[in-house]
Amino acid sequence: MSKTRIIAVSNMKGGCSKTTTTVSMGCVLAQKGYKVLLIDLDAQANLTCSLLTDEVYSDTIYTSFIKQTELPVVKLTDTLHIVPSSIELACIDLEIGSQLARERYLTNLLAPIKDNYDFILCDCPPSLGLTTLNAFTACTDIIVPLVAEVLPFEGLKLVDWAINMVRKTVNPEAKLLGVVITQSVNTRLCRMMEQNIRQSLGDIVFKTNIRNNTTVAEAPAAHKDVVSYDKKCHGAIDYIALTEELLTRINS
Ligand SMILES: Nc1ncnc2c1ncn2[C@@H]1O[C@H](COP(=O)(O)OP(=O)(O)O)[C@@H](O)[C@H]1O
Ligand SMILES: [Mg+2]
């Protein structure tokens, strides 16, 4: 691949599979041989806990933001690296809110290392604070996971507004790469909402839906992505298909 794709996985709504999608797609890409860096930008550190042990890391994305020290990269495998997060990140807006170019911290921290990777995936928090703004400023692409229910669909409008705002100001290159329907269940409401989403958003919605699958929710307890945990379960099959679709979309 020629240029590093920096992908922010974002939705202002919590619980819509942002972390699961970041982890699963990142791990599938790494298993295919792409060099992948996953950055945990959420103070809840769910991505960190999903793949690394429960140990508390002293050097995290937070320390790099505060001290302007190089990103602490944990090498899980040759192709899969992770920048952990910690609860201290919860106060980052208060701590750097008055600093100049506060939205460019991540861009600057990535500059010396980004060429080492094919993909950098940023797991964003469910808010439009400075961490999300940093991801949107550094990124080439944005992926929005969306649960096909009534209220999450409303949340998508906020992401759309944020992307337009970012494109007009700090990052004209940022583009919505795709919307992925997650936690899909075979109910009348879900089918109806999916139809609405596909009708109103068109081809930007990935063809692959991620089905609701208990195995997906179990995998983090074993500190594994769902494909390494059980490659035959619906969640693994769907995330492999989604990653193939992502690669096709990027290369077309
Ligand atoms: N396809 C799925 N099937 C079943 N459970 C899922 C699926 N995707 C995510 N989950 C579970 O739903 C919860 C929220 O997912 P998560 O990825 O943490 O969302 P977010 O990062 O958007 O808050 C987690 O407990 C996760 O394990
Ligand atoms: Mg999350």
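Start by selecting T19, which sits in helix α1. Keep in mind that you are looking at a predicted model. Is T19 buried or exposed? T19 counts as buried because 25 other C-beta atoms lie within 10 Å, and the cut-off for buried is 20 or more. Now show its contacts: setting aside neighbours within four places in sequence, T19 touches N46, L47, S50 and D123. While you are there, draw a distance from T19 to A45. These two are 26 residues apart along the chain, and their C-alpha atoms are separated by 9.4 Å.

Next, widen the selection to the whole of α1, residues 18–31. Of its 14 residues, 13 are buried, so the helix is largely enclosed by the rest of the structure. Check its length too: at 1.5 Å a residue α1 should span 20 Å, and its end C-alpha atoms are 20 Å apart, which agrees. If you are colouring by side-chain direction, remember that an α-helix has 3.6 residues a turn, so residues three or four places apart point the same way.

Now look at what flanks the helix. Just after α1, pick G33, where phi is positive at about 105°. On the other side, go to S17, in the loop between β1 (5–9) and α1. S17 is not a glycine, yet its phi is positive, about 85°. S17 is buried, because 22 other C-beta atoms lie within 10 Å of its own.

For a contrast, jump to A101, in the loop between α4 (92–96) and α5 (105–110). Here is another non-glycine with a positive phi, this time about 50°. A101 is exposed, because it has 11 other C-beta atoms within 10 Å.

Back to α1, and turn on ligand 1. Which residues come nearest to the ligand? Of the 16 around it, they are K18, T19, T20, V216 and A217, so your starting residue T19 is one of them. Two helices, α1 and α9 (214–218), each supply at least two residues of this shell, and α1 gives the most, with three. Colour the shell by class and you should get four nonpolar, 11 polar and one charged residues.

Now for some strands. Select β4, residues 80–83. L80 and I82 point one way, H81 and V83 point the other way, and all of them are buried. That fits the usual pattern: in a regular strand the side chains alternate between the two faces of the sheet.

What does β4 pair with? One partner is β2, residues 36–40, which runs parallel to β4 and is joined to it by four bridges. Zoom in on I39 and you will find V83 of β4 opposite. Another is β3, residues 74–75, which pairs with β4 in the antiparallel sense over two bridges. Here K75 has H81 as its bridge partner in β4. Follow the chain from β3 into β4 and you trace a hairpin, with four residues between the strands.

Last stop: the interior. The largest nonpolar core has 69 residues, and those with the most contacts inside it are I7, C122 and C139. The element that gives the most to this core is α1, with six residues. To see the packing, centre on C122 and show its contacts: leaving out residues up to four places away in sequence, C122 touches I7, A8, V9, I39, L41, A135 and C139. You have already met I39, opposite V83 in β4.

Definitions and conventions
Residues numbered from 1 in each chain as written. Chains lettered and ligands numbered in written order. Predicted model: local features only at pLDDT ≥ 70, side-chain atom pairs only at ≥ 80, totals over all residues. Near = placed C-beta within 6 Å. Nonpolar A, V, L, I, M, F, W, Y, C, P; charged D, E, K, R; others polar. Buried ≥ 20, exposed ≤ 12 C-beta atoms within 10 Å, placed from the backbone. Pairing = 2+ DSSP bridges. Expected span 1.5 Å × (residues − 1). Contact = placed C-beta atoms within 7 Å. Core = buried A, V, L, I, M, F, W, Y, C linked by C-beta atoms within 7 Å.
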